[in-house]
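Ready for a few short exercises? Have your viewer open and work through each task before reading its solution.

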Amino acid sequence: CRLGELSLYSEAGSSFKCVEIPINQNEWGVIKVSAVSWDKFIEDQNKLYSKTKPRDTSAQIFTGDFIISRANTSELVGKSVVVKAITKNLLL
């Protein structure tokens, strides 16, 4: 099938103010562009957004999500992955 048959919408994301350190166990993070590369989701490529659950978690990443990179080098723009497993609290 085509992506348009599966996707309800596409929009530009927000730029969260983050600390450039990876998150710990119960913290919440935002993935870096490098989390989507070489056909693998790398959940350790993240930065700290909040030490507690944020009010809005609508951009939370779950197992089975399909993610396409909108930014990166010209070789990596458009890279995509299916999240096979996720153990951290991460947002797009």
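Here are four exercises on this predicted model, each with a worked solution.

**Exercise 1.** Find the residues that make up the largest nonpolar core.

Solution. Start with the isoleucines: I23, I31, I61, I67 and I86 belong to the core. Next, add A35, V36, F41, L48, V81, V83 and L90, which brings the set to twelve residues in all. Now pick I23 and look past its neighbours within four places in sequence: its contacts include L48 and L90, along with W28, G29 and N46.

**Exercise 2.** Decide whether G29 is buried or exposed, and list its contacts.

Solution. First, locate G29 in strand β1, residues 28-31. Then apply the cut-off: G29 is buried because its relative accessibility is 0%, and buried means under 20%. Beyond four places in sequence, G29 touches I23, K47, L48, Y49, N89, L90 and L91. Finally, check a distance: S10 is 19 residues away along the chain, and the two C-alpha atoms are 21 Å apart.

**Exercise 3.** Place S69 and work out its burial.

Solution. S69 sits in the loop between β5 (66-68) and β6 (80-82). With a relative accessible area of 9%, S69 is buried. Leaving out neighbours within four places, its contacts are V33, V36, L76, V77, G78 and K79.

**Exercise 4.** Identify the nonpolar patch on the surface and the elements that supply at least two of its residues.

Solution. The patch consists of L3, L6, F66, I68 and V82, with about 480 Å² of accessible area together. Helix α1 (3-6) and strand β5 each supply at least two of these residues. Take L3, in helix α1: its relative accessible area is 45%, so L3 is partly exposed.

Conventions:
Residues numbered from 1 in each chain as written. Predicted model: local features only at pLDDT ≥ 70, side-chain atom pairs only at ≥ 80, totals over all residues. Heavy atoms only, no water. Core = buried A, V, L, I, M, F, W, Y, C linked by side-chain atoms within 4.5 Å. Buried < 20%, exposed > 50% of the residue type's maximum accessible area, 1.4 Å probe, protein only. Contact = heavy atoms within 4.5 Å. Helix = DSSP H or I, 4+ residues; strand = E, 2+ residues; numbered from the N terminus. Patch = residues over 30% accessible without salt bridge, like charges linked within 9 Å, V, L, I, M, F, W, Y side chains within 5 Å. Areas by Shrake-Rupley, 256 points an atom, 1.4 Å probe, with all protein chains shown as cover. Salt bridge = Lys/Arg side-chain N within 4 Å of Asp/Glu carboxyl O.
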